[in-house]
Amino acid sequence: MQEAEFTLAVRRIANPGDANHQGTIFGGFILSLIDEAAYLEARRHGVHRWVTVCMDRVDFKAPVHVGDALTLMTRPTEKGRSSVTVQVKVQATRWLGGATVEVTEASVKMVAVERSGRSIDFRNPPTVVEER
């Protein structure tokens with residue numbers, strides 16, 4: 001697969017409710033944004049149900065503070081019959097000063113599934129529009 005460019009997937013302000021007692025943002029909150037960004041990238045490749053199968057090691061390089069703007073960029077790195085592997089980069093733009101820092105990145109494997117959870121070929125259009 002030819003290397004794709006990164007595209008903007010998610011932008012979010014880090015709010016007090018996302019922070020721990022030290023004033024930095026919970027790692028779990030950032031992991032959930034990574035999962036959301038990977039889903040949005042996978043959905044660009046097929047309008048199906050997508051589930052996260054795995055996420056590789058996530059090393060946090062810099063903290064995120066309340067008020068920082070988080071930017072998550074994605075690109076597909078592998079495509080199979082039923083799966084898309086998505087690279088997700090996370091950056092924070094500091095509320096004070098405006099500097100942008102690299103927070104973390106991850107590789108996330110997403111699989112297209114039918115209602116029962118069985119994997120399907122995401123390259124085929126859905127045969128039925130499913131209700132939520």
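Which residue takes a positive phi in the hairpin of E4 and E5? To find that spot, let us walk through the structure together, keeping in mind that this is a predicted model.

Start with the overall plan. The chain holds one helix and five strands, and reading along the sequence gives the order β-α-β-β-β-β. Its C-alpha trace spans about 50 × 35 × 20 Å along the principal axes. Of the 132 residues in the chain, 36% are buried. If you look at contacts between residues with a separation of 6 or more, 68% of them join residues 24 or more positions apart.

Now for the outside. The accessible surface of the chain comes to about 7900 Å², and carbon and sulfur atoms account for 51% of that area. Charge is also worth a look: there are 17 positive and 16 negative side chains, and the centres of these two sets lie 3 Å apart.

With that picture in place, turn to strand E4, which covers residues 83–93. Eight of its 11 residues are buried, so E4 is largely enclosed by the rest of the structure. The cut-off behind that word is a relative accessible area under 20%.

E4 has a partner on each side of it in the sequence. Going back along the chain, you meet strand E3, residues 69–79, which pairs with E4 in the antiparallel sense over 10 bridges. You can pick out one place in this pairing by finding Thr71, which stands opposite Gln91 in E4. The link from E3 to E4 is a hairpin through three residues.

Going forward instead, you reach strand E5, residues 100–113. E4 and E5 also pair in the antiparallel sense, here over 11 bridges. To follow this pairing by eye, find Ser83 and look across to its bridge partner in E5, Val111.

That brings us back to the opening question. The hairpin of E4 and E5 has six residues between the strands, and the residue with the positive phi, near 100°, is Gly97.

The same loop offers one more landmark, Leu96, which lies between E4 and E5. Is Leu96 buried or exposed? Its relative accessibility is 67%, so Leu96 counts as exposed, the cut-off for that term being over 50%. For a sense of distance, compare Leu96 with Pro76, 20 residues apart along the chain: their C-alpha atoms are separated by 33 Å. Pro76 belongs to the stretch covered by E3, residues 69–79, while Leu96 sits in the loop that follows E4.

Terms used: Residues numbered from 1 in each chain as written. Predicted model: local features only at pLDDT ≥ 70, side-chain atom pairs only at ≥ 80, totals over all residues. Heavy atoms only, no water. Helix = DSSP H or I, 4+ residues; strand = E, 2+ residues; numbered from the N terminus. Buried < 20%, exposed > 50% of the residue type's maximum accessible area, 1.4 Å probe, protein only. Contact = heavy atoms within 4.5 Å. Areas by Shrake-Rupley, 256 points an atom, 1.4 Å probe, with all protein chains shown as cover. Lys, Arg positive; Asp, Glu negative; His and termini not counted. Charge placed at Lys NZ, Arg CZ, Asp CG, Glu CD. Pairing = 2+ DSSP bridges.
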